[in-house]
Amino acid sequence: MKIIITENQYKKLLQERYINIPTDDIAPDISLEIWEEDEKLVLDTIVIPKEFRKQGIGTAVMNRVCEYADQIQKPLYLTPSTSYGGSSIGRLKSFYKRFG
């Protein structure tokens, strides 16, 4: 069976899937994609614009994500990737380990 949906329907499905964790008060233009899957939270993407890196912005965003995970009592899963501008997997792993 093949199911065909419009681009607007696809965008709506994506919007419904993702959890909105506000970050505008931390820095503008942060890309954060996180959703609930079964009994866990999945952090797929976190991108801090280059001009805001190395200023503690990523730490502030991760603290907010961890607070949310604690609030709803679900573990947070992620897979470090350099696909979105991270300099190395080792550096990303080291960063994420600081949060538990």
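Two strands are said to pair if DSSP finds at least two bridges between them. By that criterion, β2 and β3 pair in this predicted model, since three bridges join these parallel strands.

**Figure 1. The whole chain combines three helices with three strands.** Along the sequence, the elements follow the pattern α-β-β-α-β-α. The chain has 100 residues, of which 30% count as buried. Its exposed surface comes to about 7,400 Å², and carbon and sulfur atoms supply 48% of that area. Among contacts between residues at least 6 apart in sequence, 50% join residues at least 24 apart.

**Figure 2. The three strands form an open sheet in the order β1-β2-β3.** The pairing within this sheet is mixed. β1 and β3 are the edge strands, each pairing on one side only. Neighbouring strands are turned by 30° against each other on average, direction ignored. β1 and β2 run antiparallel and are joined by seven bridges. Within this pair of strands, Glu33 has Thr45 of β2 as its bridge partner, and Leu32 has Ile46 of β2. On the other side of β2, three bridges lead to β3, and these two strands run parallel. One bridge to β3 matches Leu43 with Leu78. β2 is mostly covered, with six of its eight residues buried.

**Figure 3. A hairpin links β1 and β2 through a turn that contains Asp38.** Two residues lie between the strands of this hairpin. Asp38 is located in the loop between β1 and β2, and its phi is near 55°, a positive value in a residue other than glycine. Asp38 counts as exposed because its relative accessibility is 66%, and the cut-off for this class is over 50%. The backbone oxygen of Asp38 lies 3.5 Å from a polar atom of the side chain of Lys74, a residue found in the loop between α2 and β3.

**Figure 4. Helix α2 packs on the sheet and touches β1, β2 and β3.** The direction of α2 makes about 165° with that of β2. The helix comprises 16 residues, 57-72. At 1.5 Å a residue, α2 should span 22 Å, so the 23 Å between its end C-alpha atoms agrees with expectation. Ile57, Gly58, Val61, Met62, Val65, Cys66 and Ala69 are the buried residues of α2. What covers these buried residues includes the strands β1 (31-37), β2 (40-47) and β3 (76-78), together with helix α3 (89-97).

**Figure 5. The loop between α2 and β3 contains Gln73 and Lys74.** Gln73 comes just after α2 and takes a positive phi of about 55°; Gln73 is a residue other than glycine. Are Gln73 and Lys74 buried or exposed? Gln73 counts as exposed because its relative accessibility is 71%. Lys74, by contrast, counts as buried because its relative accessibility is 16%, and the cut-off for buried is under 20%. The side chain of Lys74 makes a polar contact with the side chain of Glu36, at 2.4 Å. Leaving out residues up to four places away in sequence, Lys74 touches Glu36, Asp38, Glu39, Lys40, Leu41 and Ala69. Of these residues, Asp38 belongs to the loop between β1 and β2, while Ala69 is one of the buried residues of α2.

**Figure 6. Thr23 is a buried residue in the loop between α1 and β1.** The helix that precedes this loop, α1, covers residues 7-17. Thr23 counts as buried because its relative accessibility is 7%. Which residues does Thr23 contact, leaving aside its neighbours within four places in sequence? Thr23 is in contact with Ile30, Leu32, Val61 and Arg64. Among these contacts, Leu32 is the residue whose bridge partner in β2 is Ile46, and Val61 is one of the buried residues of α2.

Terms used. Residues numbered from 1 in each chain as written. Predicted model: local features only at pLDDT ≥ 70, side-chain atom pairs only at ≥ 80, totals over all residues. Heavy atoms only, no water. Helix = DSSP H or I, 4+ residues; strand = E, 2+ residues; numbered from the N terminus. Expected span 1.5 Å × (residues − 1). Buried < 20%, exposed > 50% of the residue type's maximum accessible area, 1.4 Å probe, protein only. Contact = heavy atoms within 4.5 Å. Polar contact = N/O pair within 3.5 Å; in protein donor to acceptor, adjacent residues only side chain to side chain. Axes fitted to C-alpha atoms, helices over the stretch in contact; angles between N-to-C directions. Areas by Shrake-Rupley, 256 points an atom, 1.4 Å probe, with all protein chains shown as cover.
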